[in-house]
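Here is a short briefing to read alongside the model. Please have your viewer open so that you can follow each topic as it comes up.

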Amino acid sequence: MTSNEPVPPRRLPAWRALEDHARSVVHRTMRELFAGDPGRAERLTFEAAGLVLDASKNRVTDETIPLLCELARQADVRERAEAMFRGERINVTENRPVLHVALRAPRGSSILLDGADVVPDVHAVLDRMAAFSERVRSGEWIGHTGRPVHTVVNIGIGGSDLGPRMAARALTAYADGGPATRFVSNVDPTAFVEATRDLDPAETLFVVCSKSFTTLETLTNARTARGWLVGALGDDAAVARHFVAVSTNAEGVAEFGIDVGNMFGFWDWVGGRYSLASAVGLILMLAIGPARFREMLDGMHAMDDHFRAAPLERNLPALLALLGIWNANFLGAASHAVLPYDEYLALFPAYLQQLDMESNGKRVDLSGRPVETDTGPIVWGQPGTDGQHAFFQLLHQGTRLVPCDFLGFLETLNPVGNHHALLYSNLVAQTEALAFGKPAEEVAAEGVPPELVPHKSFPGNRPSNTILADRLTPWTLGALIGLYEHKVFVQGAVWGIDSFDQWGVELGKTLAARVASELDAPDEPVLRHDSSTNALIRRWRETRRRTR
């Protein structure tokens, strides 16, 4: 079997065996499964790279995980993973290798691409980033008026924003001695205005993240930032001291006014949503320093090693992926909630939305055939305990099955009274309540009026994973990122799809360019859209005529 001609998963013997198995499991409850198996929690808890995964609160029996692992074997997950690590072009629609694992490979290791070792190039960029970061953090780098940088604003979108934004928030506690960070991604002018409202241009540095240096939203915001800076400082030459670029387009960078000596590149084998460990993470390194940035890379690499070496039955990313397939394809779940019980991880669910939904939101397989199964779930979430007072009602008593990942830490970075104990107790209690619920007979036994018993009963049997670490550190964040990256990979491999392209974003971009030209055309354009789109364009043009 070639890498671009997968066997549709529903035709694999293991898939059919799982369908039969699901019919025997669907009516069993977690109350029953735990009551009959005192060692269940211990047997279904796994550890690697500083993380603990408790998978026992899933609707699985002793037969389920072996069947799921056999599905992974029949789908050639191991072979496809090795192809990724070897630098083969597993992104078949773009004919590209997928080597984000090289971004965190240790110095001195070797990963070959077309016979050339890419690791030295990776570390050369990391060393340049580190040198620049130290100059900014120490105050050696000064702006056009001779003052040091106090705030760095990252201008990017998609993976050039979500990754560094999420990580900068997650590692706030480690940002001592670094500049403050701001982020602008949305082309909505409000995003730029609010990010810069209270900043001093003389003490502000912009990092423009765009591999091609042509991304519409990013370049629009960058030009606005350039005008803001030059307008305040009165000299185009100021751009060279207040802008750096993460890009490979030296000509475009120079034309903008950025010194190409302050351009940090990366490679076409790095997808945007996998690029945090590359130069895209420059603003994070500026915030937390090179040493802690490398700690994050070490955590990623530790999970890479575990994913590559551990048996499927004890492999954290593989198990997380396969349990997700079990819940989605065999038990009918359409969405998946990620619930971090740590305020620093507030943006982690949004980061995973892009990682998962842009990777596996596909309707055709690697050979272009329509898929025969549901693929990527809808990923969403919010930190606990806030989410408990928002959408947990649906999780507990709604009609939809929503598997959940609960992320927590045994120690807090901010010890205040008994806050952390209350936070952790809520995490544990919610997983217990989802799994076991509260049947009507227990509610009635408490003396609840009969007419209220149905309202106060909880069905339970709602699956969840609990992922714990001792504390949130750069290493731990790296391991978590690696865990979910490889989870997404395994699911895509089982479904037989290309997890590394994103053609779904292109149509909207193309149409937006056409509409933009029609909104501000000097003469009345001939509109050839549908009646709704034509009307929306005319409404804009009429409003502009009235307000000019």
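Which residue in S2 does glutamate 47 stand opposite? The residue opposite glutamate 47 is valine 52. Keep in mind that this is a predicted model. The briefing begins with the strands around that pair, then turns to the cores and ends with the empty spaces.

**The hairpin of S1 and S2, and its link to S13**

- Strand S1 (residues 45–48) and strand S2 (residues 51–54) run antiparallel and are joined by four bridges.
- Besides the pair of glutamate 47 and valine 52, phenylalanine 46 has leucine 53 as its bridge partner in S2.
- Two residues lie between the strands of this hairpin, and alanine 49 takes a positive phi near 50° there.
- The side chains alternate along S1: Phe46 and Ala48 are buried and point to one face, while Thr45 and Glu47 point to the other face and are not buried.
- S2 is also joined to strand S13 (residues 464–469), by three bridges and in the antiparallel sense.
- In that pairing, threonine 466 of S13 stands opposite aspartate 54.

**The parallel sheet**

- Five strands form an open sheet with parallel pairing, in the order S6-S5-S7-S8-S9.
- The edges are held by strand S6 (180–184) and strand S9 (263–264); each has a single partner strand, so one side of each is left without a neighbour in the sheet.
- Further in, five bridges pair strand S5 (residues 151–155) with strand S7 (residues 204–209) in the parallel sense.
- Within S7, valine 208 is the bridge partner of isoleucine 155.

**An exposed glycine**

- Glycine 115 sits in the loop between strand S3 (112–113) and strand S4 (116–117).
- Is glycine 115 buried or exposed? Its relative accessible area is 64%, which makes glycine 115 exposed, because the cut-off for that word is over 50%.
- The C-alpha atom of glycine 115 is separated by 48 Å from that of leucine 401, and the two residues are 286 residues apart along the chain.

**Nonpolar cores**

- The largest nonpolar core has 123 residues, and Phe348 and Leu477 have the most contacts inside it.
- Helix H20 (residues 474–495) contributes the most to this core, giving twelve residues.
- Leaving out residues up to four places away in sequence, phenylalanine 348 touches Met166, Val338, Leu407, Leu480, Ile481 and Tyr484.
- There is also a second, separate core of 22 residues, and Val153, Val208, Phe213 and Ala222 are among them.
- Val208 thus turns up twice: as the partner of isoleucine 155 and as a member of the second core.

**Pockets**

- How much space lies in the largest pocket? The answer is about 1,100 Å³.
- Its lining has 38 residues, with Thr215, Gln502, Val505, Glu506 and Lys509 lying nearest the centre.
- Helix H7 (159–170), helix H9 (216–233), helix H15 (348–360) and helix H21 (506–519) are the elements that give two or more residues to this lining.
- Among these helices, H21 gives the most, with four residues.
- By character, the lining of the largest pocket divides into 15 nonpolar, 14 polar and nine charged residues.
- The second largest pocket has a volume of about 430 Å³.
- This second largest pocket is lined by 18 residues, and the closest to its centre are Glu343, Thr412, His419, His420 and Leu423.
- Its lining comprises seven nonpolar, eight polar and three charged residues.

**Cavities**

- Rolling a probe the size of a water molecule over the atoms shows where empty space is left.
- Searching the whole structure turns up five cavities of 30 Å³ or more.
- The largest cavity holds about 80 Å³ of space.
- Of the 13 residues that line the largest cavity, Gly324, Ala328, Ser335, His336 and Pro377 lie nearest its centre.
- The elements that give this lining two or more residues are helix H14 (316–330), strand S10 (335–340) and H20.
- H14 gives the most to the lining of the largest cavity, with four residues.
- Seven nonpolar residues, five polar and one charged make up the lining of the largest cavity.
- H20 therefore links two topics, because H20 lines the largest cavity and gives the most to the largest core.

Note on methods
Residues numbered from 1 in each chain as written. Predicted model: local features only at pLDDT ≥ 70, side-chain atom pairs only at ≥ 80, totals over all residues. Heavy atoms only, no water. Core = buried A, V, L, I, M, F, W, Y, C linked by side-chain atoms within 4.5 Å. Buried < 20%, exposed > 50% of the residue type's maximum accessible area, 1.4 Å probe, protein only. Contact = heavy atoms within 4.5 Å. 1 Å grid on protein atoms, 1.4 Å probe; cavity = no way out; pocket = protein on both sides within 12 Å on 5 of 7 lines; lining within 4 Å. Points joined across faces, edges and corners; volume = space filled by probe spheres on them. Nonpolar A, V, L, I, M, F, W, Y, C, P; charged D, E, K, R; others polar. Pairing = 2+ DSSP bridges.
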